[in-house]
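The following paragraphs lead the reader through one molecular structure, from a metal site to a pocket and then to single residues. Please keep the sequence and the model in view while reading.

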Amino acid sequence: MDPQKVECIRADVRASLFNRKVIAFPIATRLAWHASGTFERSSMTGGSDGATMRFEPEAADPANAGLSIPRDLLQNVHQKYPDVSLADIYTLAGALAVEFAGGPRIPFQFGRKDDTNGRRCPAHGRLPDASQGSDHLRDVFYRMGFDDREIVALSGGHTLGRCHFSRSGFDGKWTHAPLVFDNSYFKNLITLTWEERKWDGNRQFTDAESGELMMLPTDIALKTDPAFRPWVELYARDEAAFFRDFADAFGKLLALGTPPQCCPFAAKAKAHASRSAPSAIFREACMHGSSVPEIRDLASKCDPHELEPHSRRSALHKAAFWGHDHAIKLLVGPELGLRVDVQDSDGDTALHDACKFGHPGCVRAMLAANGAATAMRARNKQGKTPADLASEYGKTEIVQILRGARM
Ligand code: HEM
């Protein structure tokens, strides 16, 4: 889209959310999250495409109570730019709300389409239930394709806003500055003493120090669960790490289940691919996890070993990064024979990528392939091996697989 038009849309969204009558950054963030957080990877249903929250049964999901307000606030932006879908506007508003409240810039691409009826509405029950614990959080977020680190980073969205008794049955704010996006939520979670609130409402927690703040049972689960807790501690002491991980995870969330052009991380590669050779199109297909026949067909039209000029990344890097097991098997197999030990401009091999993002199927396939022994020992520009990255990012299953691999 024309950058000048994007700037105008940003300004109009800001004016809708922040004006003499209202500061709606928190609830706009929640709208974007609930529009996207219904995604289910296995069935490729749910997600923000379609702006289905306007229709029943999604509109009446008790989890979405109050969200008609930001939808109505944003209606004028759609009226001004009718070619920009409501699905784009709802998600963009969440991304901008974080930024306008002082948080990181969230990667975002336009391209969602609006449905005209509620046929694609997901059933109730896909959004998390705040009265539950860490197993439930994993059920909900793993279903979308997130890992533990991303669950904790995303939960940091509670640094904004508050609970409203009339909407959720919970009451109160998480921080003393609920209109500012920072890492106070994690600092409060770690440093304050949390006691169960004595009242007639839902089970929730109050800070013993001021008695003014609250945590939900799902927030407390991040502190008590041994795999979540290290990320809470990291984000409490390192706001930059929180901003970086939140931006990545929230950008990913907003793109779930949307057309490929909405993937903010793929957009740059796509722009490049559209300008260039068949090998770029082949690499892009590997990145998106296209079907085996399609990848095979594209491979037959180019040199599948060719590297992306600016990043020195192969098709194998692309598939490993996003965790497409079937593509990896084809790429390293006898037919195409891509090597695992090719290092990109950051010194990462495809094995580094699969280890960092926790894709066990990809790691297993690559360990049996040409160049695996060298890749296991290869150090990237930060001096890290694939095993170092697996440990650093808490990918315990990968650490075990690497330990078991005899090279
Ligand atoms: C981890 C699971 C989550 C649970 C169980 C949960 C639950 C809740 C609940 C019960 C409320 C109160 C709603 C109300 O009464 O108005 C709330 C508010 C909010 N949530 Fe979450 N949430 C979760 C994750 C997230 C995520 C991933 C984000 C964003 C990245 C987010 C952003 C917000 C914001 C900004 C508010 C405040 C809204 C306002 O002030 O109107 N939440 N959440």
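Helices and strands are DSSP runs, helices of at least four residues and strands of at least two, and they are numbered from the N terminus. With these names in hand, the reader can follow the account below, bearing in mind that the model is predicted.

A suitable place to begin is the metal. Which residue is the only protein donor of the iron atom of the ligand? That donor is H158, whose NE2 atom lies at 2.1 Å from the iron. H158 does not sit in a helix or strand but in the loop that runs between α6 (148-155) and β1 (162-163).

The same residue leads on to the second largest pocket, since H158 is among the residues nearest the centre of that pocket, together with R30, W33, H34 and W174. In total, 42 residues line the second largest pocket, and the space within it amounts to about 1000 Å³. The elements that contribute two or more residues to this lining are α2 (25-36), α3 (68-80), α5 (134-144), α6, β1, α7 (165-168), α9 (217-224) and α11 (239-255). Which element gives the most to the lining? It is α2, with six residues. When the lining is sorted by class, 28 of its residues are nonpolar, nine are polar and five are charged.

Why does the second largest pocket lie between domain 1 and domain 2? Domain 1 spans 3-120 and domain 2 spans 134-254, and both give residues to the lining; the pocket therefore lies between them.

One of the residues nearest the pocket centre, H34, has its place in helix α2. Is H34 buried or exposed? Its relative accessible area is 3%, and buried means under 20%, so H34 is buried. A polar atom of the H34 side chain lies 3.3 Å from the backbone oxygen of A63.

Beyond α2, the loop between α2 and α3 holds several residues of interest. P57 is found in this loop, and a cis peptide bond, with omega of about 5 degrees, joins P57 to E56. M44 also belongs to the loop between α2 and α3; although M44 is not a glycine, its phi is positive, at about 50 degrees. A51, placed in the loop between α2 and α3 as well, likewise has a positive phi of about 50 degrees without being a glycine. How do these two residues stand with respect to the surface, buried or exposed? M44 has 57% relative accessibility, and exposed means over 50%, so M44 counts as exposed. A51, by contrast, has 3% relative accessibility and counts as buried.

The remaining residues allow separation in sequence to be set beside separation in space. Y90 lies in helix α4 (residues 86-100) and is buried, with a relative accessible area of 2%. Its partner here is W33, one of the residues nearest the centre of the second largest pocket; Y90 and W33 are 57 residues apart in sequence, while their C-alpha atoms are 9.3 Å apart in space.

A153 lies in helix α6, and its relative accessible area of 0% makes it buried. A153 and F243 are 90 residues apart in sequence and 8.4 Å apart in space, taken from C-alpha to C-alpha.

Y235 is found in helix α10 (residues 229-237), and at 0% relative accessibility Y235 counts as buried. Y235 is 140 residues from A375 in sequence, and the two C-alpha atoms are 31 Å apart in space.

How values were computed
Residues are numbered from 1 along each chain as its sequence is written. This is a predicted model: local features need pLDDT of at least 70, side-chain atom pairs count only at pLDDT 80 or more; totals for chains, interfaces and linings use all residues. Side-chain values use heavy atoms; hydrogens and water are left out. Donors are N, O and S atoms within 2.8 Å of the metal (3.2 Å for Na, K and Ca); water is not among the atoms, so sites may look incomplete. On a 1 Å grid over the protein atoms alone, a cavity is a set of points where a 1.4 Å probe fits but cannot get out, and a pocket is an open set with protein on both sides within 12 Å along at least five of seven lines; lining residues have an atom within 4 Å of a point. Grid points are joined across faces, edges and corners, and a volume is the space filled by probe spheres set on the points. Ala, Val, Leu, Ile, Met, Phe, Trp, Tyr, Cys and Pro count as nonpolar, Asp, Glu, Lys and Arg as charged, and the others, Gly among them, as polar. Domain bounds come from an automatic or database domain assignment. Buried means under 20% relative accessible area, exposed over 50%, partly exposed in between (1.4 Å probe, protein chains only). A polar contact is a pair of N or O atoms within 3.5 Å; within protein, one must be able to donate a hydrogen and the other to accept it, and residues adjacent in sequence count only if both atoms are side-chain atoms.
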